[in-house]
Amino acid sequence: MTSYESHEHYVQDQIRSYKKAKKYLKELKEKIYPDLLPDYRGDSDKIIVALDKGIKSIDDDRKKFLLENNLKE
């Protein structure tokens with residue numbers, strides 16, 4: 001487990017972590033999108049929807065974290 005010098009350092013690190021996770025999912029989506037072949041079952045759509053939900057979840061978690069720490073976006 002990581003220990004932090006202060007609560008402020010912890011908060012800053014967590015904000016960076018949320019940004020990095022969101023960036024990673026967006027990059028993953030862009031990377032795999034061209035490789036997804038058209039299909040009739042909707043596999044491609046399901047993958048894209050799942051990634052979009054992951055990105056939204058990260059945004060929601062970040063907003064909750066900011067509120068809990070009395071910070072503004």
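Colleague: What share of the 73 residues of the chain count as buried?

Modeller: Good place to start! This is a predicted model, and 21% of the 73 residues in the chain count as buried. Of an accessible surface of about 6,300 Å², carbon and sulfur atoms hold 54%.

Colleague: How many helices and strands are there in the chain?

Modeller: The chain has two helices and zero strands. Helix α1 covers residues 7-32, and helix α2 covers residues 43-68.

Colleague: What does the radius of gyration of the chain look like beside that of a compact globule?

Modeller: For 73 residues, a compact globule would come out near 11 Å, while this chain has 16 Å. The box tells a related story: along the principal axes, the C-alpha atoms fill roughly 50 × 20 × 20 Å.

Colleague: How far does each helix reach from its first C-alpha to its last?

Modeller: The idea is to set the span against what is expected at 1.5 Å a residue. Helix α1, with 26 residues, reaches 38 Å, close to the expected 38 Å. Helix α2 also has 26 residues and reaches 37 Å, again close to the 38 Å expected.

Colleague: Which residues of α1 are buried, and what covers them?

Modeller: A general point helps here. An α-helix has 3.6 residues a turn, so residues three or four places apart point the same way. In α1, the buried residues are V11, Q14, Y18 and L25. Their cover includes α2.

Colleague: And which are the buried residues of α2?

Modeller: They are S44, I48, L51, I55, I58, D59, R62, F65 and L66. The cover works in the other direction too, with α1 among what shields the buried residues of α2.

Colleague: R62 caught my eye in that list. Why does R62 count as buried?

Modeller: Buried means under 20% relative accessible area. R62 counts as buried because its relative accessibility is 18%. Leaving aside neighbours within four places in sequence, R62 is in contact with Y18 and E73. Y18 is itself one of the buried residues of α1.

Colleague: What about L28 in α1: why does L28 count as partly exposed?

Modeller: The partly exposed class lies between the buried and exposed cut-offs, 20% and 50%. L28 belongs there because its relative accessibility is 28%. You can also use L28 to get a feel for distance along the helix: its C-alpha atom is 26 Å from that of V11, 17 residues away along the chain.

Colleague: Is G54, in helix α2, buried or partly exposed?

Modeller: G54 is partly exposed, at a relative accessible area of 23%. The C-alpha atoms of G54 and N69 are 23 Å apart, with their positions 15 residues apart along the chain.

Colleague: What is notable about phi of N70?

Modeller: Phi is a backbone angle, and here its sign is the thing to look at. N70 has a phi near 55 degrees, a positive value in a residue other than glycine. N70 lies in the segment after α2, and it is exposed, with a relative accessible area of 72%.

Colleague: How much of the contact in the chain comes from residues 24 or more positions apart?

Modeller: Among contacts with a separation of 6 or more, residues 24 or more positions apart account for 55%.

Colleague: Last one: how far apart are the mean positions of the positive and negative charges?

Modeller: Here you average the places of each kind of charge and compare the two. The chain has 16 positive and 15 negative charges, and their mean positions are 2 Å apart.

Methods. Residues numbered from 1 in each chain as written. Predicted model: local features only at pLDDT ≥ 70, side-chain atom pairs only at ≥ 80, totals over all residues. Heavy atoms only, no water. Helix = DSSP H or I, 4+ residues; strand = E, 2+ residues; numbered from the N terminus. Rg over C-alpha atoms; globule rule 2.2 N^0.38 Å. Buried < 20%, exposed > 50% of the residue type's maximum accessible area, 1.4 Å probe, protein only. Contact = heavy atoms within 4.5 Å. Areas by Shrake-Rupley, 256 points an atom, 1.4 Å probe, with all protein chains shown as cover. Lys, Arg positive; Asp, Glu negative; His and termini not counted. Charge placed at Lys NZ, Arg CZ, Asp CG, Glu CD. Expected span 1.5 Å × (residues − 1).
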